[in-house]
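Q: Could you take a close look at one part of this structure with me? I would like to know how it is put together and how it sits within the whole.

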Amino acid sequence: MKLHDIFLTASANMFRSKLRTFLTIIAIFIGAFTLTLTNGIGTGIADYIDRQVGSLGQKDLVTITVKSTANPQDDKPQKYDPNKTTSSGRGVGAEVSSVLTQKDIDTLKAESDLTDVQPSFSVSPDYISGENGEKFKVSSSSIGGLATLDLAAGAQLNKDGNQIIIPENYVSSLGYSNDSDAVNKKVTIAISDAFGKQQTIEATIVGVQRPGIISSSGAALNQTLTNTLYGIQTSGLPDNAKNKFIAATGRITGDLTSQHIQDVKNKLSEKGYAIQTVDDQLGTFKTVINAITWVLNGFAIIALLAASFGIVNTLLMSVQERTKEIGLMKAMGMRSSRIFLLFSTEAVLIGFWGSLIGVVAAMLIGQLINGSLANSLLKDLPGFSLLVFTPMAVLGVMLLIMVIAFIAGTLPARQAAKQHPIDALRYE
């Protein structure tokens, strides 16, 4: 019997006992349906996080701070070091965090493993106003064009002039009809100096940022605008109060392998600096999401293992019912390996149809869920699809189930292959 004939025979034999086969397929369907949905949730969340990572920066972007020498477990006061500038603590035993100086920035810029190093300024604008002249409070973040934000319209920041990316919920308030209408328009930003005197600066809107779970709710400023606002904000302060930075940002040069990144961390740690990558900042969050997804997948796997016993039962019953037929096939010269392949193919086909129906049903239900959530719970997170089904993930689920079905079918297939033709023909 050729492989083509084995496939056709196995397909026909599947439905000799329609009810039994149908119930087995339904059991597999439940497992496939659950596994596809849980994978879709994991993929959807991971995809959204990856797109939102732009608000923190690309993989090579790092945040650099002075390495803390305080021991969280030590309640004793820290000794004063005149060579280190620190931010104010809150009470005896509080952890004292050192800040970067211009000397530190120059040192970091000289590092061969770092590029695009720039200090992180903290600027606090009084208000922002747009085309309609109304004034609104706004927070700001200085990313200097290093990060790639998730934009609804416009382009990313660069160093050309005073540039700003506004949040999407500011568009109508500032007097613009839509996201695209706001791009390339001018806004006025007011900020006060150390004496409370207010000054205004004009900036160009180059983009509009979508809201997200990771992205900042404030406006993003390029380095040129940040420097200008910081200069006004610190105007009138003594020199020893200027050029003190909580952190700096930069990019790691070279191959972004885990080993290279760790080597850079170790090298800077020896010089008194600590660096944190985007993966470091999101590591715990991703770990929690992955753990939840694996737990959900575990329930689906349990359902599939239960379904595998249904396959064993179905095929064992089939072997028993077709004992004489097996004896006849062997008496006519059909090899044991072909008998084994025939029943194994039948098991795989049961797994195939169960998984196919399961993944198709999961994808249809997933689309309905996405549409429903987009207009309710997730309406403030545009672009977030809770369930995302990729071709490779769907194919992986189907292949996994077919492998489980094949393994489950090996016992009855082996029993069928071991039948002695004379004994099988005499079976009643």
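A: Let's start with a single residue as a warm-up: T24 has a relative accessibility of 5%, so T24 counts as buried. Here buried means under 20% relative accessible area, exposed means over 50%, and partly exposed is in between (1.4 Å probe, protein chains only). The model is a predicted one, in which local features need pLDDT of at least 70 and side-chain atom pairs count only at pLDDT 80 or more, while totals for chains, interfaces and linings use all residues. Residues are numbered from 1 along each chain as its sequence is written, and side-chain values use heavy atoms, with hydrogens and water left out.

T24 belongs to helix α2, residues 18-52. Helices (H or I, at least four residues) and strands (E, at least two) are DSSP runs, numbered from the N terminus. Apart from residues up to four places away in sequence, T24 touches G310, I311, T314 and I350, a contact being heavy atoms within 4.5 Å.

Now a little context. The protein has 11 helices and 14 strands, and 42% of its 428 residues count as buried. Taking contacts between residues at least 6 apart in sequence, 79% of them join residues at least 24 apart.

The part I would zoom in on is helix α6 and its charged partners. Helix α6 runs over residues 258-270, with K267 inside it. Its 13 residues should span 18 Å at 1.5 Å a residue, and the end C-alpha atoms are 19 Å apart, which agrees; the expected span is 1.5 Å times one less than the number of residues. The buried residues I261, V264, K265 and L268 are found in α6. They sit on the same side of α6, because they cover an arc of only 100° around the axis, the arc being that of the directions from the helix axis to the C-beta atoms. Q259 and E270, on the other side of α6, are exposed. Just after the helix, G272 has a positive phi of about 95°.

On to the charges. Side chains of opposite charge can pair when their charged atoms come close. A salt bridge here is a side-chain nitrogen of Lys or Arg within 4 Å of a carboxyl oxygen of Asp or Glu, and the protein has 6 of them by this rule. One of them joins K267 to E111, with the closest N and O atoms 3.5 Å apart. That pair links distant parts of the chain, since α6 holds K267 while E111 is in the loop between α3 and β3 (114-120), 156 residues apart. E111 also meets K271 in a salt bridge, at 2.4 Å from N to O. Because E111 is in the loop between α3 and β3 and K271 is in the loop between α6 and β14 (273-277), this pair ties together parts that are 160 residues apart in sequence. A further bridge brings D113 and K267 to 3.2 Å, N to O. With D113 in the loop between α3 and β3 and K267 in helix α6, this pair ties together parts that are 154 residues apart. Put together, E111, D113, K267 and K271 are linked in a network of salt bridges.

How covered are these four? E111 is buried, with a relative accessible area of 7%, and D113 is buried too, at 17%. The lysines count as partly exposed: K267 at 31% relative accessibility, and K271 at 44%.

The helix before that loop deserves a glance as well. Helix α3 (residues 102-109) has D104, I105 and L108 as its buried residues. These lie on the same side of α3, because they cover an arc of only 100° around the axis.

One more buried spot is V62 in strand β1, residues 61-66, which counts as buried because its relative accessibility is 0%. The C-alpha atoms of V62 and T277 are 4.6 Å apart, although 215 residues separate them along the chain. Leaving aside neighbours within four places in sequence, the contacts of V62 include L114, I275, Q276 and T277.
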